[in-house]
Amino acid sequence: MKFFADTADTAEIADLAQTGLLDGVTTNPSLIKKSGRDIIEVTREICGLTHGPVSAEVVALDHAGMMKEAEILRKIADNVCIKVPLTIDGLKSCKALTSDGTMVNVTLCFSASQALLAAKAGASFISPFVGRHDDNGFDGMNLIEDIRLIYDNYGFETEILVASIRHGIHVLEAARIGADVITAPPSVIKGLFKHVLTDKGIEGFLKDWAETGQAIG
Ligand code: G3P
C-alpha cells in the first residue's frame, strides 16, 4: 500500500520523506489556501521532495478551462498528477489527459458508480472521500469495498486512493480491503508509528540497560 501525504506544508512533507515511507502527495484548493503560498511555487517545491505523484487540482468547472489549467500545472514537473472533480467535464478532461500520458486523480468520489465512470475514463487514481462519507451518515469503508470489487471484476488498473482519512483505523481498514493508496494528514501517518507498549518497552529496556553499565561501541 502506498502512503501519500495530504498536505501542502513542505516542512511536514520533507519530514515524512526522510522516513523513506512517503510515496506521494495530494493537495487541493483548501490545502493550498492553508499553506498561504502560490500554487505553482509550492507545487514545484513539493515535486522536488518526492519522486512519487503530486496531485495538483484544477479549479475550472468546464472542460476547456480544466485543460487550460492542466496544461499549466503539468509543466511544473514530471511527477505532477492533475486532479479533476468527478463531473462530466472532469471525466472528459480525465480521458483527454490520460490518453496523452498525463497522470490524473479523479477527486470528490462518493459512490461506486462514480468510481466505475472514472475507471472507464482512464483515471490513474480515484479518490473516494471516506471521512466526509462517514460525517454524513454513510459507511465510507463500504464504498471502498464496493470499488475494490468492481475494479477487480473488470481488471481496471485505476488505483483506489482512499482520501479524507481521519484516523489510523481508516488506514487499517483500507489496507484490509486492499486499497492501493491512502492519503492522510501527516499527523495521522505519524500516529501509525505509535503504540503505548512500544514506548513502555523501550523505557523498560533502557532502564535495565543502564543498570548493566555497558555501552555498545
Ligand atoms: O485531499 C482530499 C481529501 O483528503 C480531503 O480530506 O479531511 O478535507 O475531508 P478532508
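The following exchange concerns helix packing and internal spaces in a predicted model.

User: Why are H6 and H8 called oblique to each other?

Analyst: The axes of helix H6 (residues 112-120) and helix H8 (residues 140-154) cross at roughly 40°. Angles under 35 degrees count as roughly parallel, and 65 to 115 as roughly perpendicular. The pair H6 and H8 is therefore oblique. The two axes come within 9 Å, and their crossing is right-handed.

User: What makes the contact between H6 and H8, and how do its residues divide by class?

Analyst: On the H6 side the contact is made by Ala112, Ala115, Leu116 and Ala119, and on the H8 side by Leu143, Asp146, Ile147, Ile150 and Tyr151. By class, eight of these residues are nonpolar, none is polar and one is charged. Tyr counts as nonpolar and Asp as charged, so Tyr151 of H8 belongs with the nonpolar residues and Asp146 of H8 is charged.

User: Why are H8 and H9 described as roughly parallel?

Analyst: H8 and helix H9 (residues 168-177) pack at an angle of about 20°. Angles under 35 degrees count as roughly parallel, and H8 and H9 are therefore given that description. Their axes lie 10 Å apart, and the crossing is right-handed.

User: Which residues make the contact of H8 with H9, and what is their class division?

Analyst: H8 contributes Met141, Ile144, Glu145 and Arg148, while H9 contributes His170, Glu173, Ala174 and Ile177. The division is four nonpolar, one polar and three charged residues. Glu and Arg count as charged, so Glu145 and Arg148 of H8 and Glu173 of H9 fall in the charged class. His is not listed as nonpolar or charged and therefore counts as polar, which places His170 of H9 in the polar class.

User: How do you know that H4 and H5 are oblique?

Analyst: The axes of helix H4 (residues 63-74) and helix H5 (residues 88-99) cross at roughly 45° and come within 9 Å. Roughly parallel requires an angle under 35 degrees, and roughly perpendicular one from 65 to 115. H4 and H5 are therefore oblique to each other. Their crossing is right-handed. His63, Met66, Met67, Ala70 and Arg74 of H4 meet Asp89, Gly90, Lys92, Ser93, Ala96 and Leu97 of H5. These contact residues divide into five nonpolar, three polar and three charged. Gly counts as polar, so Gly90 of H5 is in the polar class.

User: What makes up the lining of the largest cavity, and how many cavities are counted?

Analyst: The count comes to one cavity of 30 Å³ or more, and the largest has a volume of about 30 Å³. Leu16, Thr19, Leu21, Leu22, Ile189 and Phe193 line the cavity. Five lining residues are nonpolar, one is polar and none is charged. Thr is not among the nonpolar or charged types and so counts as polar; the polar residue is therefore Thr19.

User: What is the volume of the largest pocket, and which residues lie nearest its centre?

Analyst: The largest pocket has a volume of about 270 Å³. Its lining has 16 residues, of which Asp6, Asn28, Leu31, Arg132 and Ser164 lie nearest the centre. By class, the lining divides into five nonpolar, seven polar and four charged residues.

Terms used. Residues are numbered from 1 along each chain as its sequence is written. This is a predicted model: local features need pLDDT of at least 70, side-chain atom pairs count only at pLDDT 80 or more; totals for chains, interfaces and linings use all residues. Side-chain values use heavy atoms; hydrogens and water are left out. On a 1 Å grid over the protein atoms alone, a cavity is a set of points where a 1.4 Å probe fits but cannot get out, and a pocket is an open set with protein on both sides within 12 Å along at least five of seven lines; lining residues have an atom within 4 Å of a point. Grid points are joined across faces, edges and corners, and a volume is the space filled by probe spheres set on the points. Axes are lines fitted to C-alpha atoms, for helices over the stretch in contact, and angles run from 0 to 180 degrees between N-to-C directions. Helices (H or I, at least four residues) and strands (E, at least two) are DSSP runs, numbered from the N terminus. Angles under 35 degrees count as roughly parallel, over 145 as roughly antiparallel, 65 to 115 as roughly perpendicular and the rest as oblique. A crossing is left-handed if the near helix is turned anticlockwise from the far one by less than a right angle, and right-handed if clockwise. Contact means heavy atoms within 4.5 Å.
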